[in-house]
Amino acid sequence: MDQPAPDKRSRKRQIARETLERYTGSAPDLFQPYVLLTNFQLYAERFAAGAGRSSQRGSAMSAAHDPSAGISLVCFGIGSPNAALIVDVLTAVEPRALLFLGLCGGLSAKHRVGDFFLPTAAIRDDGASHHYLPERVPALPYFLIQRHLSLELDRRGLTCRHGIIHTTGYRFWEFDQSFREVLLAERARAIDMETAAVFAVGFALGLRVGALLLISDLPLTEEGIKTRRSSRAVFDKFTDIHLDVGLSSLLQIQKESG
């Protein structure tokens, strides 16, 4: 992606700050140095309740802030365009680290719903990140963030899977045999709709970005495809621990960063 001239950078930053406030309902000065990103409003509500505050809603997203912990959370919705947008506009508040808390489908016979997944790389079938980086550039997380997440999961005795994730904008791929065969050929171990965009845009814009994903379904089996009932069960059982691991890891990153 071409870098804008200094006056254009200043103008972009101004517009980005306005966009961030308009979309999230939060003034830029409220954003803390460490930011959690998520797809789901329940996470924002639980985070806000733990901080003794309320989640604020803008025109398209919501946000909550905990100044005592130095952490904000943004619920940006579903899909790579939204993921790319929020990472881009957050550059205007210069976060020190971004951590994506998302859900993914497990593609290995060893996976179980409720396992955590730490992506080592993401296949960029997302439809958004090509605006920021050439297609040949891999989508990778910031290693030290993933390391802290791995250590935290190990400390708690939680099952952690690793591997490549395929990020796609194709929602009902489960019913497309040719797409399923591509996944098998790639040896992807998980699939979602945001991670590659979060990684690639973060890298392009010089941000430290990581991801802690929860395996919410096993979509290569017919009985494993996510339904309204199974999705509700996952949220009821795993939301709090997912959020807590993310928060604890960010706090440890802060501590080591001084």
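How many helices and strands are there in the protein? The protein has 7 helices and 9 strands, and the model shown is a predicted one.

**Figure 1. Overall view of the predicted model.**
Along the principal axes, the C-alpha atoms of the protein fill a box of roughly 50 × 40 × 35 Å. The radius of gyration is 18 Å, which agrees with the value near 18 Å that a compact globule of 258 residues would have. Of the 258 residues, 52% are buried. Among contacts with a separation of 6 or more, 80% are between residues 24 or more positions apart.

**Figure 2. Surface and charged side chains of the protein.**
The exposed area is about 12400 Å², and carbon and sulfur atoms supply 51% of that area. There are 30 positive and 28 negative side chains. The centres of these two sets lie 3 Å apart. The structure holds 9 salt bridges, including those in the close-up views that follow.

**Figure 3. Close-up of the salt bridge between D115 and R161.**
The side chains of D115 and R161 meet at an N to O distance of 3.2 Å. This pair links distant parts of the chain, with the two positions 46 residues apart in numbering. D115 lies in the loop between β5 (97-106) and β6 (116-125), while R161 belongs to strand β7 (residues 160-168). D115 has a relative accessible area of 8% and is therefore buried. R161, at 24% relative accessibility, counts as partly exposed.

**Figure 4. Close-up of the salt bridge between R155 and E152 in helix α4.**
R155 and E152 form a salt bridge through their side chains, with an N to O distance of 2.6 Å. Both residues are in helix α4 (residues 143-156), and because they are 3 residues apart, about one helical turn separates them. An α-helix has 3.6 residues a turn, so residues three or four places apart point the same way. The two partners have opposite labels for accessibility: R155 is exposed at 59%, whereas E152 is buried at 10%.

**Figure 5. Close-up of the salt bridge between D244 and R156.**
The closest N and O atoms of D244 and R156 are 2.8 Å apart. Distant parts of the chain are linked by this pair: D244 is in helix α7 (residues 228-257) and R156 is in helix α4, 88 residues apart. Both side chains belong to partly exposed residues, with relative accessibilities of 35% for D244 and 26% for R156. E152, R155, R156 and D244 are joined into one network by salt bridges that share partners.

**Figure 6. Close-up of helix α6 and the elements that cover its buried residues.**
Why is helix α6 (residues 195-204) described as largely enclosed by the rest of the structure? The reason is that 8 of its 10 residues are buried. These buried residues are T195, A196, A197, V198, F199, A200, V201 and G202. Their cover includes helix α3 (80-90) and the strands β5, β6, β7, β8 (190-192) and β9 (209-217). Strand β7 also holds R161, the partner of D115 in the salt bridge of Figure 3. Just after α6, G206 adopts a positive phi of about 75 degrees.

Note on methods
Residues numbered from 1 in each chain as written. Predicted model: local features only at pLDDT ≥ 70, side-chain atom pairs only at ≥ 80, totals over all residues. Heavy atoms only, no water. Helix = DSSP H or I, 4+ residues; strand = E, 2+ residues; numbered from the N terminus. Rg over C-alpha atoms; globule rule 2.2 N^0.38 Å. Buried < 20%, exposed > 50% of the residue type's maximum accessible area, 1.4 Å probe, protein only. Contact = heavy atoms within 4.5 Å. Areas by Shrake-Rupley, 256 points an atom, 1.4 Å probe, with all protein chains shown as cover. Lys, Arg positive; Asp, Glu negative; His and termini not counted. Charge placed at Lys NZ, Arg CZ, Asp CG, Glu CD. Salt bridge = Lys/Arg side-chain N within 4 Å of Asp/Glu carboxyl O.
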